[in-house]
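Please take a moment with the sequence and the structure before reading on. The paragraphs that follow go through burial, strand pairing and charge in turn.

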Amino acid sequence: MPDEATVRTWRVTTTITVPTWVATRPGGRSPEVLKFESRLPEQSARYGDIVIAVRTHQHPGTDSAQVDPRLALMELVADVVAGEDPMSAIETLEIPLVSMIDLVSFQMGAAIGVDQANVLDITPPVEVGDERTFHFFGGSPFGRFQRGIDMEAVRGQLLGRFPTTLDVDDTHDRAALRWFVKSLATEVLHDEFIFLWIALEIL
């Protein structure tokens, strides 16, 4: 726990993507209106000293996540007591938040994604006109959910062309190619590293 003189209260708001479902009418009949609902309804729970709540995204049109009816944009909100640095709030929240997401994903049998987050100083007393520290993370600040960032270390062609031949005779080459393509398809930084490492080891 930081020194009392530097203790701040931070509100961490994290945008998540949750699988959706469509409620059917009695007898399994199709609904009169097709409406996709989040499989994680609004609720809250206390984990130690931290209360985590989930709510419908307040401004879905401004979020970076692609609009997909199979996914609902939701927000996880938690007030965290930490140090003066916004990153201290992320570090304090990381274990309970990631554990909660993992357990709920396991319970539903479907992955919950983390898109972005922001941290706002709400240390009382709060008055109109106060200037407060605000930090925005364009991607997930939580380690396990960090997404790969294209550094253009591997630069592909802008426009795809059918190959002149499909001959990839060596089984090692075919396996390495599959793992390389697998690394292109993942958005998780750790997985990308692992898949590329496997491709390199095969060669």
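A residue is called buried when its relative accessible area is under 20%, exposed when that area is over 50%, and partly exposed in between. The model shown here is a predicted one, and with these cut-offs aspartate 68, which has a relative accessible area of 19%, counts as buried because the limit is under 20%. Its partner tells another story: arginine 70, whose side chain forms a salt bridge with aspartate 68 with the closest N and O atoms 2.8 Å apart, is exposed, with a relative accessible area of 59%.

A good place to continue is strand S6, which spans residues 113-121 and is mostly covered, seven of its nine residues being buried. Strand S1, residues 8-21, runs antiparallel to S6 and is joined to it by eight bridges; within this pairing, arginine 11 has leucine 120 of S6 as its bridge partner. Strand S6 is also joined to S7 by four bridges, again in an antiparallel arrangement, and here valine 119 stands opposite histidine 135 in S7.

The pairing of S1 with S6 is accompanied by a contact between charged side chains, for arginine 8 and aspartate 121 meet in a salt bridge with an N to O distance of 2.7 Å. This pair links distant parts of the chain, since arginine 8 lies in strand S1 and aspartate 121 in strand S6, 113 residues apart. Arginine 8 is partly exposed, with a relative accessible area of 27%, whereas aspartate 121 is buried, with a value of 6%. Both residues belong to a network of salt bridges that also includes Asp130 and Arg132.

How many salt bridges does the structure hold? There are eight, and among them is the one between arginine 25 and glutamate 32, where the closest N and O atoms are 3.4 Å apart. In this pair arginine 25 is partly exposed, with a relative accessible area of 31%, while glutamate 32 is exposed, with a relative accessible area of 69%.

Charge also appears on the surface in another form, as Asp167, Asp169, Asp170 and Asp173 gather there in a patch of negative charge. Aspartate 167 is found in the loop between strand S7, residues 134-137, and helix H2, residues 171-185. With a relative accessible area of 58%, aspartate 167 is exposed, because the limit for that class is over 50%.

Conventions:
Residues numbered from 1 in each chain as written. Predicted model: local features only at pLDDT ≥ 70, side-chain atom pairs only at ≥ 80, totals over all residues. Heavy atoms only, no water. Patch = residues over 30% accessible without salt bridge, like charges linked within 9 Å, V, L, I, M, F, W, Y side chains within 5 Å. Areas by Shrake-Rupley, 256 points an atom, 1.4 Å probe, with all protein chains shown as cover. Salt bridge = Lys/Arg side-chain N within 4 Å of Asp/Glu carboxyl O. Lys, Arg positive; Asp, Glu negative; His and termini not counted. Charge placed at Lys NZ, Arg CZ, Asp CG, Glu CD. Helix = DSSP H or I, 4+ residues; strand = E, 2+ residues; numbered from the N terminus. Buried < 20%, exposed > 50% of the residue type's maximum accessible area, 1.4 Å probe, protein only. Pairing = 2+ DSSP bridges.
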